[in-house]
Amino acid sequence: MESVSAVEVIDLVKTFGEVRAVDGLSFSVSEGEVFGLIGPNGAGKTTTMRMMSTLLQVTSGSINIFGHDVMKETDEVRRIISYLPEEAGAYKNLTGRQYLEFIARFFAKGEGAIEIAARGMDVARLGDRIDDRVETYSKGMARRLLVGRALMFRPRLAILDELTSGLDVISAQQIRRVVRDSTKAGTTVIVSSHNMLEVELICDRIALVNAGKLVELGTPSELKYRYGAANIEDVFVRVVG
Ligand code: ATP
């Protein structure tokens, strides 16, 4: 069966004054894939993800998501994606439950919203703490709430920047499982991470970006084979270092 293209990025450029944060990036992501973006600090990962999420103007080139151009069909794109920012805040004076229900009500009414929020709570797994105010959460707990928010809508595309940043080992493993499972429910995932074990575990394919350019692309096995490397961290060091 031929795979459907979920994302097409062509010759993407983003400049901030003199800085070329993204410098002619092209890649495509197939429907149902978990696609990893890795690269050193300042490589352009967040900038790319923010353009995909319609939050940042594209300087030149194009991004197409399930047939919709992010610049021309912004509303259509926003309806089918969800974005987990690298740094994000939740409304701190609400409880976790109230926060998820509040967000869910933008998309559905009554029981529909409660059902969506319940899925978010399933992902966040905060136990009794879901009824505590968000301001009392640890960094990792707040992160889990936001991952719940990003996945509870069953988006066609989830764009997850630094997915498990700040999470303990057990929480990170559980969130990775949720992300992998979300593909079975029809979600395509783009994830960035500095955790090379993580990308090796969950990504079908990995793009390595450096100075705004694509420098490697392949499945974890292909990349390791290409560099005779024991793991993706080794590949990273050989390509970037
Ligand atoms: P990290 O791993 O550190 O999160 P990254 O790969 O996500 O890095 P970006 O945040 O996309 O990198 O940054 C790419 C480049 O663009 C950097 O040189 C950064 O300083 C620059 N940059 C990003 N946002 C802006 C902005 N709003 N104004 C000016 N420069 C910016």
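Q: Which residues are closest to the ligand, and how many surround it?
A: A residue is counted as near the ligand if one of its heavy atoms lies within 4 Å of it. In this predicted model, 14 residues surround the ligand, and the closest are Gly42, Lys45, Thr46, Thr47 and His194. By class, the shell comprises five nonpolar, six polar and three charged residues.

Q: Which helix or strand gives the most to the shell around the ligand?
A: Helix α1 gives the most, with three residues. Strand β2 (19-30) and helix α1 (45-52) each supply at least two residues of the shell.

Q: Which polar atoms of the protein lie at short range from oxygen atoms of the ligand, and how should they be read?
A: A polar contact is a pair of N or O atoms within 3.5 Å. A polar side-chain atom of His194 lies 2.8 Å from an oxygen atom of the ligand, and a polar side-chain atom of Asn41 lies 2.9 Å from a ligand oxygen. Gly44 takes part through its backbone: an N or O atom there lies 2.9 Å from an oxygen atom of the ligand. Taken alone, the ligand exposes 640 Å², of which the protein buries 61%.

Q: Is helix α1 largely enclosed or exposed?
A: Buried means under 20% relative accessible area. Six of the eight residues of α1 are buried, so the helix is largely enclosed by the rest of the structure. The buried residues are Lys45, Thr47, Thr48, Met49, Met51 and Met52. After α1 comes Thr54, which has a positive phi, near 70°.

Q: Where does Asp23 lie, and is Asp23 buried or exposed?
A: Asp23 lies in strand β2. Asp23 counts as buried because its relative accessibility is 18%. Beyond its neighbours within four places in sequence, Asp23 is in contact with Leu12, Val13, Ala211, Gly212 and Lys213. With Lys213 there is also a polar contact of 2.5 Å between the side chains.

Q: Which residues are linked with Asp23 in a network of salt bridges?
A: Side chains of opposite charge can pair when their charged atoms come close. Here, Arg20, Asp23 and Lys213 are linked in such a network.

Q: How many salt bridges does a search of the whole structure find?
A: The search finds 14. One of the salt bridges joins the side chains of Arg97 and Asp131, at 2.8 Å from N to O. This pair links distant parts of the chain, 34 residues apart: Arg97 is in helix α3 (residues 96-104), and Asp131 is in the loop between α4 (110-124) and α5 (139-151). Arg97 is partly exposed, at 32% relative accessible area, and Asp131 is partly exposed at 41%.

Q: What does the salt bridge between Arg176 and Glu198 tie together?
A: In this salt bridge the closest N and O atoms are 2.8 Å apart. Arg176 lies in helix α6 (residues 169-184) and Glu198 in helix α7 (residues 196-202), so the pair ties together parts that are 22 residues apart in sequence. Arg176 is buried, with a relative accessible area of 11%, and Glu198 is buried, with 1%.

Q: Which helices hold Glu200 and Lys224?
A: The side chains of Glu200 and Lys224 meet in a salt bridge of 2.6 Å, N to O. Glu200 lies in helix α7 and Lys224 in helix α8 (residues 220-227), so the pair ties together parts that are 24 residues apart in sequence. Glu200 counts as partly exposed at 22% relative accessibility, and Lys224 is partly exposed with a relative accessible area of 22%.

Conventions. Residues numbered from 1 in each chain as written. Predicted model: local features only at pLDDT ≥ 70, side-chain atom pairs only at ≥ 80, totals over all residues. Heavy atoms only, no water. Polar contact = N/O pair within 3.5 Å; in protein donor to acceptor, adjacent residues only side chain to side chain. Areas by Shrake-Rupley, 256 points an atom, 1.4 Å probe, with all protein chains shown as cover. Helix = DSSP H or I, 4+ residues; strand = E, 2+ residues; numbered from the N terminus. Nonpolar A, V, L, I, M, F, W, Y, C, P; charged D, E, K, R; others polar. Buried < 20%, exposed > 50% of the residue type's maximum accessible area, 1.4 Å probe, protein only. Contact = heavy atoms within 4.5 Å. Salt bridge = Lys/Arg side-chain N within 4 Å of Asp/Glu carboxyl O.
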